[in-house]
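Reader: I'd like to practise reading a model feature by feature. Can you walk me through one?

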Amino acid sequence: MAADMRLPTIRKQVALSSSLSALDGKDLVVPGDVITSDTGFMRGHGTYMDEEKLTASVAGEVERVNKLICVRPLKTRFNGEVGDVVVGRITEVQQKRWKVETNSRLDSVLLLSSVNLPGGELRRRSAEDELTMRDYLQEGDLISAEVQSVFSDGALSLHTRSLKYGKLGQGVLVQLSPSLIKRQKTHFHNLPCGASIILGNNGFVWLYPTPGHQDEEAGGYYTSLEPVSLSDREVISRLRNCLLALGAHKVLLYDTSVLYCYESSLPHQIKDILKPEVMEEIVMMTRQKLVELEG
């Protein structure tokens, strides 16, 4: 019976360039740290006044906007803003709306009037549409959507009116921290390795085979149930392990960092990527590539 054994080895220390240390040198604080004793600053989220000194109440990064100082937590629930791309799971079908789990403090809301009807019809929603809501989306379905507005209690209102949003078909969901997702112009990427990725601002990342054609007649509800080839499944599995490795080492996730990590992992088998020593080597190579790109 074969056994897979790993013995400790002396790892070669890789010298990081000064530009990487400059990138990582952000103003980080822990609860109880004094941010400033200047009384001219305004107190923002994540801070409190202690003997006329502005003190951090959470662990995170200090953000200054003019005279306002706040601390952005490193680990937190998703605080959505208008225009954010999210990946969520339907948890409940209610009257004229769906409840969606989006990794935020409260369930998000997707109104019946905020979705495309199959076939792209533009008309007022009738009682018939309300009765057939479960035919469009039901509990457990995964969707991609955009934040349309934020309610007064902090809950998010979503919409899927664009054809790039809608029900998600075959793929893999990876759940990470929202603070690791880099804000970009687009969060939908077709990677050269043969898979596509949706980087949700809420920390939910969706990996799926790059579609050959898009059926626009379905209005965002078409899900391909054709068998996924072995090569596509291997690419998606490798990308999934790369995402977990980058997340474990707190590397910002965007199309370039994911692609560099994928390329760095190619000499290793898919199952070996999550071994601590292999993970550290791959992430270190990815960081060096990103530093060379910045430089």
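Author: Sure. Let's start with a term: a residue counts as buried when its relative accessible area is under 20%, and as exposed when that area is over 50%. Keep in mind that this is a predicted model.

Reader: Okay, so is Cys261 buried or exposed?

Author: Cys261 has 0% relative accessibility, so it counts as buried. Across the protein chain, buried residues make up 40% of the 295 residues.

Reader: And how do I read cysteines for disulfides? How many disulfides does the structure hold?

Author: The general idea is that a disulfide is a covalent bond between the sulfur atoms of two cysteines. In this structure there are zero disulfides. Take Cys193: it is in no disulfide, and the nearest cysteine sulfur, in Cys242, sits 8.9 Å away. Cys193 is buried too, because its relative accessible area is 18%.

Reader: Why does Cys261 form no bond with Cys242?

Author: Because their sulfurs are 3.9 Å apart, which is too far for a bond; the cut-off for a disulfide is within 2.5 Å. For Cys261, Cys242 holds the closest cysteine sulfur.

Reader: Let's turn to strands. Which strands pair with β10?

Author: When you look at a strand, ask what lies beside it and in which direction. Strand β9 (residues 97-101) pairs with β10 in the antiparallel sense over four bridges, and Arg97 stands opposite Leu111 in β10. Strand β12 (residues 156-160) runs parallel to β10, joined to it by three bridges. There, Leu110 stands opposite Leu158 in β12.

Reader: What links β9 and β10?

Author: They form a hairpin with six residues between them, and Asn103 in the turn has a positive phi of about 70°. As for cover, six of the eight residues of β10 (residues 108-115) are buried.

Reader: Now a loop residue. Where is Pro227 found?

Author: Pro227 is in the loop between β17 (204-209) and α4 (230-248). With a relative accessible area of 80%, Pro227 is exposed. Its C-alpha atom is 9.3 Å from that of Gln170, although the two are 57 residues apart along the chain.

Reader: Last one: how should I treat a database annotation, and which residues does UniProt list for "domain: K Homology"?

Author: Set the record beside the coordinates. The unreviewed UniProt entry lists residues 171-210 for that domain. In the model, this span is 0% helix and 45% strand, and its end C-alpha atoms lie 10 Å apart. For context, the protein chain has six helices and 17 strands.

Technical notes:
Residues numbered from 1 in each chain as written. Predicted model: local features only at pLDDT ≥ 70, side-chain atom pairs only at ≥ 80, totals over all residues. Heavy atoms only, no water. Buried < 20%, exposed > 50% of the residue type's maximum accessible area, 1.4 Å probe, protein only. UniProt positions renumbered as here; feature names shortened; annotations may be inferred. Helix = DSSP H or I, 4+ residues; strand = E, 2+ residues; numbered from the N terminus. Pairing = 2+ DSSP bridges.
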